[in-house]
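Dear colleague,

I am handing over the structure we spoke about, and I would be grateful if you could look through it with the notes below at hand.

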Amino acid sequence: MPSPLRLQKFLSRCGVASRRKAEEYIAQGRVQVDGKVITAMGEQITPGKQKVYFDGKEVVAEERFIYILLNKPKGYVTTLSDPQGRPIVTSLLSGIQERVYPVGRLDLDTEGALLLTNDGDLAQSILHPSHEVTKTYEAEVKGHPPSEAIKRLEKGILLENRKTAPAKIQIKQQKTKTTVIIITIHEGRKRQVKKMFEAIGHPVIALKRLAYGALTLDGLSLGKYKILQQKDLEKIFSNKFLYKHKNS
Ligand code: URA
């Protein structure tokens, strides 16, 4: 008999969601064990011994783990369902049988690299701040931020009473009314890049995620996806910076 494990871990192992998201589902009363709704976090279950249901459907272990990199277009939500009926990212994965979910999020109007998997442990490692997985974005911002403002972002600025971790920034192109900037961060706060540029008075007008760690889109066109291999996964955790930044 397999050893007992926490309910949220079981749900993520079975591909329902990342552990963090599974905790939310438990708190929302969407998970049942042997017919009883569980909302407390400490519940231990033994796979095979108890029956677990999510939104009324039995949860069974996935046969294999799968890792997908999608080039998300604008206009798609990174949740698995949307009460407003907007298109969801998983609708772009024709031919994928496994129940995968996005690792982290991208805003509706943000495009670019989005990982999807049914491997809760890997999703957790990528999302956990201790692993400092870098995420690189190309942001087109209004106006021309002065170098003093860029330095403040690089050092870390206060956002909602909490300082951001140091960022790496490179000016890619100055246009007449906007600037294209490459920014690498390793946190994943909600709307973080947009909030950072808002804080220095240069709002983002277009945002694209170029890479997780050293895993880039590498020619993948908008709306297309590829299945990742072990060597691709290793690139995610490589903390090499992709772009030559001034101070690195
Ligand atoms: N930062 C943002 O502001 N939006 C995203 O979608 C991703 C990072």
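What follows is a short account of the ligand and its surroundings.

Please keep in mind that this is a predicted model. The ligand sits in the largest pocket, where the residues surrounding the ligand are L106, D107, T110, Y137, R191, Q192, V193, K194 and L207. Sorted by class, this shell consists of four nonpolar, two polar and three charged residues. Helix α5, which spans residues 192-199, makes the greatest contribution to the shell, giving three residues.

As for polar atoms, an oxygen atom of the ligand lies 3.0 Å from a side-chain N or O atom of T110, and an oxygen atom of the ligand is found 3.5 Å from a polar backbone atom of Q192. A nitrogen atom of the ligand, in turn, is 3.2 Å from a backbone N or O atom of V193. Of the 240 Å² of accessible area that the ligand has on its own, 95% is covered by the protein.

Finally, because domain 2 (67-129 + 218-236) and domain 3 (134-212) both supply residues to the shell, the ligand lies between these two domains.

With best regards

Definitions and conventions
Residues are numbered from 1 along each chain as its sequence is written. This is a predicted model: local features need pLDDT of at least 70, side-chain atom pairs count only at pLDDT 80 or more; totals for chains, interfaces and linings use all residues. Side-chain values use heavy atoms; hydrogens and water are left out. A residue is near a molecule or strand if one of its heavy atoms lies within 4 Å of it. A polar contact is a pair of N or O atoms within 3.5 Å; within protein, one must be able to donate a hydrogen and the other to accept it, and residues adjacent in sequence count only if both atoms are side-chain atoms. Accessible areas come from the Shrake-Rupley method with a 1.4 Å probe; for residues, only the protein chains shown count as cover. On a 1 Å grid over the protein atoms alone, a cavity is a set of points where a 1.4 Å probe fits but cannot get out, and a pocket is an open set with protein on both sides within 12 Å along at least five of seven lines; lining residues have an atom within 4 Å of a point. A molecule sits in a cavity or pocket if more than half of its atoms lie within 2 Å of its grid points. Helices (H or I, at least four residues) and strands (E, at least two) are DSSP runs, numbered from the N terminus. Ala, Val, Leu, Ile, Met, Phe, Trp, Tyr, Cys and Pro count as nonpolar, Asp, Glu, Lys and Arg as charged, and the others, Gly among them, as polar. Domain bounds come from an automatic or database domain assignment.
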